[in-house]
Amino acid sequence: MNAAVDIPYAPHPALEAGLASVHERCLPDTSGEVATYIPELANVEPDAFGIALATIDGRLCARGDAERAFTIQSVSKAFSYCLALELLGRDEVFRHVGVEPSGDAFNAIVFDPRTGRPFNPMVNAGAITVCGLIRSVHGDGALDFVMERFSGAAGRPLSISEDVYRSEALTGHRNRAIGHLLLTVGAASEPIEPTLDLYFKLCSILVTATDLARMGATLANIGVNPFTGESVFDVAAVRDTLSVMFTCGMYDYSGNWALDVGVPAKSGVGGGIVGVINRQLGIGTYSPRLDRKGNSVRGLAAFRILADEFGLHAFECTNYGSELVRGVG
Ligand code: DON
């Protein structure tokens with residue numbers, strides 16, 4: 001419930017204390033395993049753990065390994081979807097990829113039986129489709145376009161881990177299979193290899209929990225980075241993106257997440273989770289030990305506590321505009 005962490009109407013100390021308490025309580029949990037199916041992903045410090053909160057009035061508060069770099073992996077899917085919506089318009093994007101939760105694992109080779117299209121942009125099939133859509137507008141300039149926007153959301157220039165990218169590209173046979181199937185259902189078009197290459201590269205972008213918090217805050221702040229004032233994402237695209245994050249962002253745990261945490265979010269097998277409290281704040285967590293569905297164990301725990309104790313669940317009766325940020329204001 002909303003009592004254990006008392007957030008008084010005094011800004012920073014309360015945020016810091018609340019975050020410190022969450023970090024401290026989640027730290028002892030060393031259950032879960034680091035992803036190894038992409039060999040390079042195994043090369044991380046398994047017990048690293050960072051949390052960061054970024055408010056839409058440009059305040060940041062971080063704890064633990066919030067500045068440690070890791071690959072964004074599927075967290076990129078939320079942001080690339082937002083860009084595709086802006087570039088092609090929602091009708092064209094919806095013609096290629098749906099918005100229904102699949103209930104299947106992120107790398108499932110399955111399409112919506114009604115439409116023949118990928119279920120949603122948060123699973124691999126949908127995200128590869130989205131990469132094809134961005135390439136249909138920007139061609140070989142697609143990576144630069146995406147990097148510029150992602151960097152704008154993070155408020156600093158982001159880069160790619162060449163090692164993880166190479167590892168992804170060398171071992172991404174399942175994603176290649178999905179890419180070729182997308183051609184058969186008309187969700188993607190030839191040539192598919194550059195589209196897959198863009199997908200692998202976007203998964204390999206290096207970020208920190210702090211970056212994710214700022215990127216989340218940019219979505220929370222209707223597309224404008226609250227730290228730099230840069231307008232990064234289209235406002236209508238942000239609304240659609242948050243909606244799909246809410247229903248599909250946490251793999252086949254999305255239904256439970258909506259119930260328990262109630263925050264639009266996206267997780268990645270690198271151990272990152274971004275969460276967005278609309279018009280209030282962005283939250284980034286990093287801890288690379290994953291549960292069986294591919295979600296960060298400590299990340300899940302931290303979000304559960306934050307949602308509960310800060311009253312951030314979208315349907316929390318006290319959430320009439322978060323007390324947290326109301327207090328900070
Ligand atoms: O497609 C893959 O295997 C990864 N590069 C992305 C994985 C990930 O984070 C899970 N996604 N939904």
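How far from an oxygen atom of the ligand does a polar side-chain atom of Tyr37 lie? The answer is 2.6 Å, and the views below start from that contact in this predicted model.

**View 1. Polar contacts of the ligand with Tyr37, Glu168 and Asn175****.** Tyr37 places a polar side-chain atom 2.6 Å from a ligand oxygen. On Glu168, a polar side-chain atom lies 2.6 Å from a nitrogen atom of the ligand. Asn175 joins in through an N or O atom of its side chain, 2.9 Å from an oxygen atom of the ligand. Taken on its own, the ligand has 350 Å² of accessible area, and the protein covers 98% of that.

**View 2. The shell of residues around the ligand****.** Look here for the 15 residues that surround the ligand. The closest are Tyr37, Gln73, Ser74, Glu168 and Tyr199. By class, the shell holds eight nonpolar residues, five polar ones and two charged ones.

**View 3. The loop that carries Gln73****.** Gln73, one of the closest residues to the ligand, sits in the loop between β4 (70-71) and α2 (75-88). Its backbone is worth a check when you plot torsions: phi of Gln73 is near 50°, a positive value although the residue is not glycine.

**View 4. The three-stranded sheet that includes β4****.** Just before that loop, β4 belongs to an open sheet with the order β4-β6-β5 and antiparallel pairing. The edges are β4 and β5 (159-160), each of which pairs on one side only. Between β4 and β6 (residues 205-207) there are two bridges, and these strands run antiparallel. If you would like a landmark, find Thr71, which stands opposite Leu206 in β6.

**View 5. The five-stranded sheet****.** This open sheet follows the order β3-β2-β9-β8-β7, again with antiparallel pairing. Its edge strands, β3 (60-64) and β7 (265-267), each pair on one side only. From one strand to the next, the twist averages 10°. Within the sheet, six bridges link β2 (residues 50-55) and β9 (residues 281-286) in the antiparallel sense. Ala54 has Gly282 of β9 as its bridge partner.

**View 6. The hairpin of β2 and β3****.** Here β2 and β3 form a hairpin with four residues between them. Gly58 in the turn has a positive phi of about 80°. The antiparallel strands β2 and β3 are joined by five bridges, and Leu53 stands opposite Cys61 in β3. For background, strands of a sheet pair through backbone hydrogen bonds.

**View 7. Helix α9 across the sheet****.** Residues 209-220 make up helix α9, which lies across β2, β3, β8 (272-277) and β9. Relative to β9, the helix runs at about 155°.

**View 8. A cis peptide bond between Glu190 and Pro191****.** Which residues does a cis peptide bond join? They are Glu190 and Pro191, with omega at about -5°. Pro191 is found in the loop between α7 (173-185) and α8 (192-203).

Conventions: Residues are numbered from 1 along each chain as its sequence is written. This is a predicted model: local features need pLDDT of at least 70, side-chain atom pairs count only at pLDDT 80 or more; totals for chains, interfaces and linings use all residues. Side-chain values use heavy atoms; hydrogens and water are left out. A residue is near a molecule or strand if one of its heavy atoms lies within 4 Å of it. A polar contact is a pair of N or O atoms within 3.5 Å; within protein, one must be able to donate a hydrogen and the other to accept it, and residues adjacent in sequence count only if both atoms are side-chain atoms. Accessible areas come from the Shrake-Rupley method with a 1.4 Å probe; for residues, only the protein chains shown count as cover. Ala, Val, Leu, Ile, Met, Phe, Trp, Tyr, Cys and Pro count as nonpolar, Asp, Glu, Lys and Arg as charged, and the others, Gly among them, as polar. Two strands pair if DSSP finds at least two bridges between them. Axes are lines fitted to C-alpha atoms, for helices over the stretch in contact, and angles run from 0 to 180 degrees between N-to-C directions. Contact means heavy atoms within 4.5 Å.
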